[in-house]
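Visitor: Hi, I'm new to this one. Could you pull it up and walk me through it?

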Amino acid sequence: MIDAYKRLMNVESPPPPKRARGFFTDTSLCIGCKACEVACKQWNQLPADGFAMTGNSYDNTGTLGATTWRHVQFIEQAKANSSRQDQRWLMMSDVCKHCANAACLEACPTGALIRTEFDTVYVQQDICNGCGFCVPACPFGVIDRAPKHGQFEAGTAHKCTLCYDRLKDDMTPACAKSCPTASIQFGDVEELQERARHRLAELKARGETKAELYGMPEGKEATEVGPLHAFFLLLDRPHTYNLPDIPRLPRQTMAQRYGWSAAVGVGFALIGALVFRGRR
Amino acid sequence: MWTWEVPAYFWLGGMAAGAYVTASLAHGFGSADDRRATAGGYYLAAAALVPCAPLLIADLGRPDRFHHMLRIFKPLSPMNLGAWTLTGFTPIAFARAASHAAGTGLLRGPLGALARLVPTRLAELAGCALGLTLAGYSGVLLAATNIPLWAKSKLLGGLFMASALASGSAAVTLQAARRGAPDATLHRLAALESAASAGEIAVLAGYLTQSGRTARPLTRGRFAAPFWLGAVGAGAVLPLLLHRLAGGRRGRALQSLSAVASLCTIAGSLALRWSIFEAGKDSSEDQSASFELSSG
């Protein structure tokens, strides 16, 4: 019966799972060239965002968005009247984290957001109806809805696909392919995690005491959203890079929220029954 | 993204649900007078539901794909649950209203005959369950995000529920007062509406306490006036006082005071949804509040 239904509705079975793929972005190697941003835009045919200047930083990209799936953050760390030696310029190529427990995927009411055979999170453009709920659900502010009357895929949600089309053909995603310093490394998540641990130990030994990994299974940031399949080596605390200490997964507190709501509703019904009772 | 259609829909959907539940409580437990005076609540519920689906659809990035919400059933997503709830509650509310219209002779012919077949008690029970879901899910939906103002406290769902029930019972009171309902019924409706308003104030106090500094975009920002004066003052405190004032009165004085109080509650309910919804956008830009939400 189910088989007949599937034949009737053209339901295809999902492709068999592959090894989880992801990014290890080592910010200690980033030189801020933005080749990743450009390669991403070219491959995914994303329109330019114009030449607006933020005016307070060399970071003129600003944020990730519907048409910006890689964002090279420039973080100027300079105190007033400080010497050259005290100043520091941090760079970090931000991207969708492809969380193990993705808030956007759980929020999606249409099933447009899916987990692919590569364990990445992907928006099916032909399913998304632009409800926009994934946008405030994401704890990193990654996913975004394209303007309703714009030129580019109007009205639906967009974010990094981890170059799903390239992955299908065993190719490296565009950003990692174009990165000239191997700051963005692509591969099997487990292997990348091992590589990241070695790199951290190496940097610590060289005196980068504040360096830390963000998005590893053992990190506290994985408490709710799980390990990030695009994870980072940072040179300062996560807040410096605008990353949350513990990214929240809305599902964790949802039952409690429904519970309070139901309690108010039931309380009202009981009071109503008492108010009207026995006046037949 | 997310414009005025959203709070308007939350307000109307909540009021429809509240009116349906109030009328059903009166029909389940009240006197013949209570039933007669509150049956208009079923008409109000159906009327308030008419613009709900269009508002919900208009806010989508791709309105032509609204039905994609219904291609799966995924209660984990409040957005999906809400779409299904609205889809289920709307026909029930219309059927119950039609059944009343057939009973009073307003709806005749084959449609009237069809409407007489509606099992009213079952429609009331199922409608109350779906209505309460519709009234409460909107707050949970906003709270199931990472917007600090919406997500920090656990009580936004409860707050929207209380506000929906207050405005819904107020809508029933308003039509009962306008149609000159018996004093005893108006007193009972006022008691119920006051209980909802008092509950709303209590839940709101809890919400603001739990939110702490995170609530600043609502309590101090550009939405302070609509929130404090509109939602709290005119929407909850004033109706409580007016209903108290009306407590010892009868006839026309009671009807007028009840009507004014109910109008205030209904307007305040819109002010509450709108100010919390809009202030959430300011809250999303508040980096320290975001870090507070994610601090462990």
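**A first look around**

Visitor: Let's start at one spot. What is A:Cys104 in contact with, leaving aside its neighbours within four places in sequence?
Guide: Keep in mind that this is a predicted model. With those neighbours left out, A:Cys104 is in contact with A:Leu113, A:Val121, A:Cys134, A:Ala137, A:Cys138 and A:Ile143.

Visitor: And which residues touch the most other members of the largest nonpolar core?
Guide: A:Cys104 is one of them, along with A:Cys134, B:Ala16, B:Ala19, B:Tyr20 and B:Ala45. That core has 177 residues.

Visitor: Where does the largest share of this core come from?
Guide: From helix H1 of chain B, residues 5-29, which gives 15 residues.

Visitor: OK, new topic. How many residues does each chain put into the contact between A and B?
Guide: Chain A gives 52 residues and chain B gives 56. On the chain A side, helices H3 (103-107), H4 (134-137) and H9 each supply at least two residues. The largest share of that side is from H9(A), with 20 residues.

Visitor: What's that side made of: how many nonpolar, polar and charged residues?
Guide: The side of chain A that touches chain B has 27 nonpolar residues, 14 polar and eleven charged.

Visitor: Back to H9 of chain A. At what angle does it cross H7 of chain B?
Guide: Roughly 145°, and the two axes come within 9 Å. Here H9(A) covers residues 251-276 and H7(B) covers residues 120-143.

Visitor: Is that crossing left-handed or right-handed?
Guide: The crossing of H9(A) and H7(B) is right-handed. From H9(A), the residues making the contact include A:Met254, A:Tyr258 and A:Gly265, while those from H7(B) include B:Leu132, B:Gly136 and B:Val140. The contact's residues split into seven nonpolar, four polar and one charged.

Visitor: Chain B has an H9 too, right at residues 156-178. How far does that helix reach?
Guide: H9(B) has 23 residues and goes 32 Å from its first C-alpha to its last, close to the expected 33 Å.

Visitor: Why is H9(B) largely enclosed by the rest of the structure?
Guide: Because 22 of its 23 residues are buried.

Visitor: What follows H9(B)?
Guide: B:Gly180 follows H9(B), and its phi is positive, near 65°.

Visitor: Last thing, chain A as a whole. How many helices and strands?
Guide: Chain A has nine helices and ten strands. Its C-alpha trace spans about 85 × 55 × 40 Å along its principal axes, and 45% of its 280 residues count as buried.

How values were computed
Residues are numbered from 1 along each chain as its sequence is written. Chains are lettered from A and ligands numbered from 1 in the order in which they are written. This is a predicted model: local features need pLDDT of at least 70, side-chain atom pairs count only at pLDDT 80 or more; totals for chains, interfaces and linings use all residues. A nonpolar core is a set of buried Ala, Val, Leu, Ile, Met, Phe, Trp, Tyr and Cys residues joined through C-beta atoms within 7 Å. A residue is buried if 20 or more other C-beta atoms lie within 10 Å of its own, exposed if 12 or fewer, and partly exposed in between; C-beta atoms are placed from the backbone. Helices (H or I, at least four residues) and strands (E, at least two) are DSSP runs, numbered from the N terminus. Two residues are in contact if their C-beta atoms, placed from the backbone, lie within 7 Å. Axes are lines fitted to C-alpha atoms, for helices over the stretch in contact, and angles run from 0 to 180 degrees between N-to-C directions. A crossing is left-handed if the near helix is turned anticlockwise from the far one by less than a right angle, and right-handed if clockwise. Ala, Val, Leu, Ile, Met, Phe, Trp, Tyr, Cys and Pro count as nonpolar, Asp, Glu, Lys and Arg as charged, and the others, Gly among them, as polar. The expected span of a helix is 1.5 Å times one less than its number of residues.
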